[in-house]
Amino acid sequence: MSAQFLHEVLVPLSDAFYKQADAILDLREHALSKQNPGRCVSCYFKLFNAARGDKVRRLNALRKWLETNLVVVAKDDQDQLLEHIPLFLDDADLESFCQRMLQEVIHNRVYNSKRIELQFAFKSDGLAA
């Protein structure tokens, strides 16, 4: 996965987004180590917000990779897993994405818990598409 990720996702981005090298390096570190998935999503939105014109299209491979390899995990106040929610990056920025996910949980889910925590997670091998 790592060589494919580097070749198909990161290399094309490095040419188009050289001014966002910090975001690309962070993305590389966190994606390859499978740690801090929220930073991967944050890097995507940094690149998306910097993209103009033709550069938006170049983010398609990254978006597909993130949507295939990450989920949003809902946990209750006892830290028990409630649900894996598919990741769809249809929003303009990270704040809008988070607000949409909160509204989804508030309006379209029924959990027996006073507190629900949402967090990004890498899919386990059994969940990966």
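Is R109 buried, exposed or partly exposed? In this predicted model, R109 is partly exposed, with a relative accessible area of 21%. That residue makes a good doorway into the structure, and its salt bridge is taken up first.

The side chain of R109 meets that of E83 in a salt bridge, with 2.7 Å from N to O. R109 belongs to the loop between α5 and β3, while E83 is part of strand β2, so the pair ties together parts that are 26 residues apart in sequence. E83 is partly exposed as well, at 22% relative accessibility. The background to such a contact is simple: side chains of opposite charge can pair when their charged atoms come close.

The structure holds ten salt bridges, and the one between R109 and E83 is among them. Another joins the side chains of D54 and R57, at 2.5 Å from N to O. D54 also forms a salt bridge with R58, where the N to O distance is 4.0 Å. Through these shared partners, D54, R57 and R58 become one network. The three residues can be followed on the surface scale too: D54 is partly exposed at 40% relative accessibility, R57 is exposed with a relative accessible area of 55%, and R58 is partly exposed at 34%.

Strand β2, the home of E83, leads on to the sheet. This is an open sheet of three strands in the order β2-β1-β3, and the pairing is antiparallel. Which strands lie at the edges? They are β2 (81–86) and β3, each of which pairs on one side only. Neighbouring strands are turned by 30° against each other on average, with direction ignored. Between β1 (residues 70–75) and β2, the antiparallel pairing runs over five bridges. A reader tracing this pairing will find V71 opposite P86 in β2. Helix α3 (residues 37–50) packs on the sheet, where it touches β1 and β3. The direction of α3 makes about 85° with that of β3.

The aromatic residues come next. The count of aromatic pairs comes to five. One of them is formed by F5 and W65, a tilted pair with 4.5 Å centre to centre and 50° between the planes. Since F5 lies in helix α1 (residues 2–16) and W65 in helix α4 (residues 60–69), the pair ties together parts that are 60 residues apart in sequence. Both partners are hidden from the surface: F5 is buried, with a relative accessible area of 2%, and W65 is buried, with a value of 10%.

How are the rings of F97 and F120 arranged, with centres 5.7 Å apart and planes at 20°? The angle is under the 30 degrees used as the limit for stacking, so this pair is stacked. F97 sits in helix α5 (residues 94–108) and F120 in strand β3 (residues 117–122), so the pair ties together parts that are 23 residues apart in sequence. F97 is buried, with a relative accessible area of 1%. Both rings also belong to an aromatic cluster, which is made up of Y44, F45, F48, F97 and F120. A ring can have a charged neighbour as well, as F17 shows: the charged end of K55 sits over the ring of F17, 5.8 Å from its centre.

A last stop is H30, a residue of helix α2 (residues 21–33). H30 is buried, with a relative accessible area of 9%. Which residues does H30 touch, leaving aside its neighbours within four places in sequence? The contacts are with Q35, N36, R39, C40 and F122. For one of these partners, C40, the backbone gives a further detail: the C-alpha atoms of H30 and C40 are separated by 6.4 Å, and the two residues are ten residues apart along the chain.

Technical notes: Residues numbered from 1 in each chain as written. Predicted model: local features only at pLDDT ≥ 70, side-chain atom pairs only at ≥ 80, totals over all residues. Heavy atoms only, no water. Phe/Tyr/Trp six-rings, centres within 6.5 Å; stacked < 30°, edge-to-face > 60°. Helix = DSSP H or I, 4+ residues; strand = E, 2+ residues; numbered from the N terminus. Buried < 20%, exposed > 50% of the residue type's maximum accessible area, 1.4 Å probe, protein only. Lys NZ or Arg CZ within 6 Å of the ring centre and 35° of its normal. Pairing = 2+ DSSP bridges. Axes fitted to C-alpha atoms, helices over the stretch in contact; angles between N-to-C directions. Contact = heavy atoms within 4.5 Å.
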